[in-house]
Amino acid sequence: MSYTIGNIAAILQGKARLTDPGATIEHLLIDSRRLVFSTTSLFFALHGSRNEGSYYIGDLISRGVFNFVVPAGVDVEAWPSVNFIIVDDVRNALQTLASVHRQKFDFPIVGITGSNGKTIVKEWLYQLLQPDLNIVRNPRSYNSQTGVPLSIWQMDEVHQLGIFEAGISRPGEMSRLEDMIRPTIGILTNIGEAHKEGFANDLQKAREKAILFAGVKQLVYCKDALTPGFNPEHLQSARRDQDISFFSWSRRSEASLFVVNKTTTNTATTINGVYAGIPVSVTIPFTDRVSIDNAITCWCVLIILGYNQELISERMRHLIAVDMRMQLKAAIHGCLLINDSYSNDLLSFALALDYLRQQSVGKNSTVILSDILESGLSPAHLVKLVLDKVEAAGINRLILIGPGFYGIRAGLEVAEGRPSTGCQVHCYESTDAFLQAVHTSLFRDEVILLKGARVFEFERIGHLLEAQTHQTILEVNLSAMVHNLKAYQRILHPHTKVMAMVKAFSYGSGSVEIARLLQYQKVDYLAVAYADEGITLRKDGVSLPIMVMNPEEVTFDALVEYNLEPELYSFSILRAFDEYLNRAGLAGFPIHLKIDTGMHRLGFETFDVPLLTDILVANHRLVVRSVFSHLVGSDNPLHDAFSLRQASDFEAACGSIESLIGYTFIKHLSNTGAIFRHPHLQYDMVRLGIGLYGVPAPGVNLPLQPAVSLRTTVAQVRKVQVGETVGYSRAGLLHRDSIIATVRIGYADGFSRKLGNGVGSMLVRGALAPVIGNVCMDMTMLDVTNIDGVREDDYVEVFGTNLPVTRIAEWCETIPYEIMTGISQRVKRVYFEE
Ligand SMILES: *Cc1c(COP(=O)(O)O)cnc(C)c1O
């Protein structure tokens with residue numbers, strides 16, 4: 001299905017100022033950061049709450065975009081050579097285009113709405129049906145007024161089924177979504193509290209949601225979770241003159257699928273029911289109520305699609321979790337932490353409590369809850385509901401945070417130590433107030449549920465509870481990092497981009513903090529080793545493009561979900577990713593190609609290029625963002641000739657890829673060593689790694705500052721007599737009466753055992769104190785006989801400003817990279833700026 005800008009102008013009936021009406025449009029763009037295909041994209045300049053789309057027009061034109069839909073008032077004469085369609089309402093235009101596109105297809109479309117479970121039901125249906133059908137669906141949960149049109153735009157002749165979810169927060173929105181999706185099969189998941197505030201009451205909300213079903217032939221819903229006064233069976237088909245055929249399920253009353261009971265093991269649930277008078281059952285690898293409900297809904301859909309029970313059972317057995325938002329983590333003092341600080345409404349609170357109860361059998365439990373912002377209830381009413389739920393769940397302690405709860409704390413004080421259940425209630429005005437007032441010793445051997453709306457930043461509480469209290473600290477000087485970044489940038493050409501290597505927790509120094517800093521300093525790209533590292537960054541709001549160097553197949557979903565760009569280095573991974581995109585119905589995904597020019601680690605061979613480009617031009621699923629290779633000895637003059645040979649092979653490969661795929665991409669070869677030593681090999685971008693941390697490199701003459709230092713403290717000081725030994729295996733024999741300081745760092749922290757018996761030293765009161773005896777797991781003993789006045793809790797530098805990490809590396813006969821990345825995760829990272 002292809003459109004020209006001329007066709008689209010006719011569809012939108014806007015005023016058009018077209019200089020090239022025949023221009024082909026393949027992609028719709030609403031976010032300038034997501035631009036991939038400049039010439040075939042049509043940018044909709046939406047009016048957003050924080051961003052005015054039309055501000056980006058100039059920038060996009062300079063990046064090669066020349067088709068725009070804009071509101072009246074944009075000075076189109078300022079850009080004479082591009083195509084403009086001028087409309088009254090840009091969002092409307094986007095939706096109209098999607099509606100028209102939708103109507104070109106007549107394969108079945110499943111439309112899902114409800115307050116909870118939409119995305120899971122959609123993804124599970126996809127899992128269950130994709131062995132047989134080519135399915136198009138919303139990426140992630142693109143279910144909004146702008147997400148749905150972009151999802152619909154993906155529909156294509158190759159598809160056989162569509163599954164789209166629709167989410168609304170205000171009256172009037174659903175009819176727009178219905179007009180685009182036009183589902184033929186409807187699914188109503190439960191109607192809960194989310195987004196209640198936009199509606200007068202539950203009934204209004206239920207009716208609004210039901211607008212999605214105006215044209216469905218079949219409707220699946222659960223009878224047990226209906227809003228009072230709302231009966232889907234009274235719905236009439238507004239678009240068709242035939243009646244809707246209803247398929248309900250229930251645990252309580254007669255329904256198309258009557259759920260009789262369930263049996264649960266540790267890891268699975270068997271659900272028994274009756275359908276058409278015959279006993280039926282399925283088993284799913286989940287045990288919680290939410291998953292069971294969602295699975296039953298999917299079961300109903302498979303029945304109406306004509307699947308037999310045997311096949312349904314077989315497929316259901318292999319359902320996999322979609323997105324575990326509720327994380328369970330080990331926390332301080334033997335506690336477990338359930339961190340669900342993603343959203344907060346009454347229904348999801350109830351679900352989280354259910355989960356907490358599952359996890360806290362035989363243990364105490366605490367709930368930390370923020371104000372529930374969108375319930376539409378008064379704080380007093382809300383608190384009563386919360387207390388009822390918390391007491392019913394047998395929770396021992398409830399900590400309420402937020403001005404709403406705080407405002408009515410007088411009423412809550414009465415609840416403190418309620419005789420009925422013994423649940424203690426505490427109240428704080430804000431997250432800050434809580435953090436200031438509370439000491440971590442308050443929490444011990446219990447399960448803690450952290451449930452808060454986004455604005456309350458409960459992740460800060462999460463950090464506190466997860467943090468290890470260990471006095472060995474890796475200090476990261478952020479100002480020094482900025483200084484080092486600038487030192488390198490000064491020796492680059494003004495247009496050379498910088499990709500900052502933040503793999504392996506930014507060389508051991510942390511991840512999010514460093515990435516945020518680099519984002520603020522406007523580096524162009526980040527690179528991580530594995531998808532998880534990238535996900536962590538995205539979850540913490542890092543929006544820079546991120547390259548993932550080892551994209552494993554199991555992480556493809558996450559790559560797409562979190563907008564991470566894979567490095568593809570072999571035909572097998574390239575084909576797997578291409579195939580994955582095909583299945584997911586995605587196109588135009590940015591990738592990076594690695595060429596092997598001599599490292600012989602990962603990468604395509606130069607002679608692979610023709611076959612490689614054949615695959616790339618066969619469809620537009622993969623878009624080459626960059627091509628790169630890695631120098632094996634950029635820091636050593638001995639290897640200069642080899643480096644130059646690598647560079648010329650790299651250039652040749654880039655040249656042929658470029659000419660065969662017909663568009664350009666970023667080329668990069670240099671790592672830290674090469675930036676200084678081979679300035680002519682900058683190409684379009686350099687990859688800066690170790691240099692950021694200020695580690696001095698041979699032959700590099702730049703004013704760098706050490707950015708990381710590892711420090712610990714003295715736990716005990718004692719006198720030990722000549723002839724005694726210190727530590728395990730009696731290795732540390734004393735040749736004189738000595739003073740020994742035991743410090744709180746061992747090989748489990750990353751202080752290598754190779755540094756024992758005098759090989760390594762640490763700085764105590766400004767002097768080097770050699771390690772005596774073997775390094776232990778958590779402790780090391782230093783000979784401080786020659787240093788005056790060493791005391792308990794004295795600060796000890798393991799490496800840093802006064803003792804360069806390169807020294808430790810030499811003692812260990814390794815390189816600074818290994819020392820830095822070997823600092824274990826239990827060592828707390830502390831960041832500071834000067
Ligand atoms: C780690 C890495 C770098 C950075 O190397 P430094 O020597 O730390 O600058 C560059 N490119 C690739 C492919 C890497 O893996």
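These exercises, each with a worked solution, explore a predicted model.

**Exercise 1. How much confidence does the model carry?**

Task: Find the average pLDDT of the chain, and say what share of residues score at least 70. Then look at residues 415-419.

Solution.
- Step 1. Start with the whole chain. Its average pLDDT is 89.
- Step 2. Check the share. A score of at least 70 is reached by 94% of the residues.
- Step 3. Turn to residues 415-419. There pLDDT stays under 50.
- Step 4. Look at what the model still shows for that stretch. It has eleven contacts beyond four places in sequence.
- Step 5. Decide how to read such a stretch. Predicted coordinates should not be read in detail where pLDDT is low.

**Exercise 2. Which residues surround the ligand?**

Task: List the residues around the ligand, sort them by class, and find polar side-chain atoms beside its oxygen and nitrogen atoms.

Solution.
- Step 1. List the shell. It consists of Met 501, Lys 503, Tyr 507, Met 549, Arg 601, His 630, Asn 671, Thr 672, Arg 687, Gly 689, Ile 690 and Tyr 817.
- Step 2. Sort by class. Five are nonpolar, four are polar and three are charged.
- Step 3. Take the oxygen atoms. A side-chain N or O atom of Thr 672 is 2.4 Å from a ligand oxygen. For Tyr 507, the distance from a side-chain N or O atom to a ligand oxygen is 2.6 Å.
- Step 4. Take the nitrogen. A ligand nitrogen atom lies 3.5 Å from a polar side-chain atom of His 630.
- Step 5. Add the cover. On its own the ligand has 390 Å² of accessible area, and the protein covers 94% of that.

**Exercise 3. Where does helix H17 have positive phi values?**

Task: Describe Ala 504 and Tyr 507 by phi, and say whether each is buried or partly exposed.

Solution.
- Step 1. Place both residues. Ala 504 is in helix H17, which spans residues 503-508. Tyr 507 lies in H17 as well.
- Step 2. Read phi for Ala 504. The value is positive, about 45 degrees, although the residue is not a glycine.
- Step 3. Read phi for Tyr 507. This non-glycine residue also has a positive value, near 50 degrees.
- Step 4. Classify Ala 504. Its relative accessible area is 33%, so it is partly exposed.
- Step 5. Classify Tyr 507. Its relative accessible area is 6%, so it is buried. Recall that Tyr 507 is one of the residues around the ligand.

**Exercise 4. Which residues of helix H18 are buried?**

Task: Name the buried residues of H18 (residues 512-520), then inspect Lys 522.

Solution.
- Step 1. List the buried positions. They are Val 512, Ile 514, Ala 515, Leu 517 and Leu 518.
- Step 2. Recall the helix rule. An α-helix has 3.6 residues a turn, so residues three or four places apart point the same way.
- Step 3. Move past the end. Just after H18, Lys 522 has a positive phi of about 65 degrees.

**Exercise 5. What do the side chains of Asn 67 and Asn 774 touch?**

Task: For Asn 67 and Asn 774, give the element, the burial and the polar partner.

Solution.
- Step 1. Locate them. Asn 67 is in strand S6 (residues 67-71). Asn 774 sits in the loop between strands S37 (767-770) and S38 (780-783).
- Step 2. Apply the cut-off for burial, which is under 20% relative accessible area. Asn 67 has 0%, so it is buried. Asn 774 has 10%, so it is buried.
- Step 3. Find the polar partners. The side chains of Asn 67 and Asn 83 make a polar contact of 2.8 Å. The side chain of Asn 774 meets that of Asn 757 in a polar contact of 3.0 Å.
- Step 4. Widen the view beyond four places in sequence. The contacts of Asn 67 include Ile 5, Ala 23 and Phe 43. Those of Asn 774 include Tyr 728, Ser 729 and Arg 753.

**Exercise 6. What does Thr 431 contact?**

Task: Describe Thr 431 by element, burial and contacts.

Solution.
- Step 1. Place Thr 431 in helix H14 (residues 431-437).
- Step 2. Its relative accessible area is 5%, so Thr 431 is buried.
- Step 3. Beyond four places in sequence, its contacts include Ile 401, Phe 456 and Arg 460.
- Step 4. Compare sequence with space for Arg 460. The two residues are 29 apart in sequence, and their C-alpha atoms are 8.2 Å apart.

Methods
Residues numbered from 1 in each chain as written. Predicted model: local features only at pLDDT ≥ 70, side-chain atom pairs only at ≥ 80, totals over all residues. Heavy atoms only, no water. Near = heavy atom within 4 Å. Polar contact = N/O pair within 3.5 Å; in protein donor to acceptor, adjacent residues only side chain to side chain. Areas by Shrake-Rupley, 256 points an atom, 1.4 Å probe, with all protein chains shown as cover. Nonpolar A, V, L, I, M, F, W, Y, C, P; charged D, E, K, R; others polar. pLDDT = per-residue confidence, 0-100. Contact = heavy atoms within 4.5 Å. Helix = DSSP H or I, 4+ residues; strand = E, 2+ residues; numbered from the N terminus. Buried < 20%, exposed > 50% of the residue type's maximum accessible area, 1.4 Å probe, protein only.
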